[in-house]
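Hi everyone, thanks for making the time. I'd like to walk you through one structure today, so please have a look at the screen before I start talking.

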Amino acid sequence: MPEVGKLKTTYRDGKIEIIGNRAGLKDLGEICLALSGLTDEEAKTPANHYHIADFMNNAELGSVETLITLNLNL
């Protein structure tokens with residue numbers, strides 16, 4: 001049975017920490033890879049970001065909501 005991806009995001013002492021099991025960190029990498037592969041036009045749409053949050057059921061309970069965004073102007 002495949003491992004279920006789990007992530008937890010925290011903020012403490014001015015630091016953001018993303019904690020994950022192997023599958024969760026792989027999922028995070030795939031999210032980043034997918035966002036980086038968007039076209040310039042797609043990057044101007046709501047497809048340019050991804051939410052990680054416990055209420056989205058993709059993070060452990062108590063996680064700080066995290067937004068990963070493609071910004072072509074950086």
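Let me begin with A59. Leaving out residues up to four places away in sequence, A59 touches L7, I52, A53 and D54. Keep in mind as we go that this is a predicted model.

Where does A59 sit? You will find A59 in the loop between strand 3 and strand 4. And is A59 buried or exposed? Its relative accessible area is 11%, and the cut-off for buried is under 20%, so A59 counts as buried. For a sense of distance, take G37: A59 and G37 are 22 residues apart in sequence, and their C-alpha atoms are 23 Å apart in space.

Now stay in that loop and move along to S63. S63 belongs to the loop between strand 3, residues 49-52, and strand 4, residues 66-69. With a relative accessible area of 10%, S63 is buried too, because that value falls under 20%.

What does the side chain of S63 reach? One partner is the backbone oxygen of E60, at 2.8 Å. Another is the backbone nitrogen of T9, at 3.2 Å. If we set aside the neighbours within four places in sequence, S63 is in contact with L7, K8, T9 and D54. You may recall L7 and D54 from a moment ago, since A59 touches them as well.

Let's step back to the chain as a whole. How many helices and strands does it have? The secondary structure comes to one helix and four strands. Going along the sequence, the order is β-β-α-β-β. The C-alpha atoms fill a box of roughly 35 × 35 × 20 Å along the principal axes.

The chain has 74 residues, and buried ones make up 24% of them; A59 and S63 are two examples. As for contacts with a separation of 6 or more, 30% are between residues 24 or more positions apart. The chain exposes about 5700 Å², and carbon and sulfur atoms supply 56% of that area.

On to charges, which I know some of you have been waiting for. There are 7 positive and 11 negative charges in the chain, and their mean positions lie 8 Å apart. How many salt bridges are there? The count comes to two.

One salt bridge joins the side chains of K26 and E30, at 4.0 Å from N to O. Both residues lie in helix 1, which covers residues 22-36, and they are four residues apart, about one turn of the helix. Are these two exposed or only partly exposed? K26 has 54% relative accessibility, over the 50% cut-off, so K26 is exposed. E30 comes out at 41%, which lies between 20% and 50%, so E30 is partly exposed.

The other salt bridge is between K44 and E41, where the closest N and O atoms are 3.3 Å apart. K44 is exposed, with a relative accessible area of 63%, and E41 is exposed as well, at 54%.

To pull it together: in the loop between strand 3 and strand 4 we met buried A59 and buried S63, and elsewhere we met the salt bridges K26 with E30 and K44 with E41. That's my tour, and I'm happy to go back to any part of it on the screen.

Methods: Residues numbered from 1 in each chain as written. Predicted model: local features only at pLDDT ≥ 70, side-chain atom pairs only at ≥ 80, totals over all residues. Heavy atoms only, no water. Helix = DSSP H or I, 4+ residues; strand = E, 2+ residues; numbered from the N terminus. Buried < 20%, exposed > 50% of the residue type's maximum accessible area, 1.4 Å probe, protein only. Polar contact = N/O pair within 3.5 Å; in protein donor to acceptor, adjacent residues only side chain to side chain. Contact = heavy atoms within 4.5 Å. Areas by Shrake-Rupley, 256 points an atom, 1.4 Å probe, with all protein chains shown as cover. Lys, Arg positive; Asp, Glu negative; His and termini not counted. Charge placed at Lys NZ, Arg CZ, Asp CG, Glu CD.
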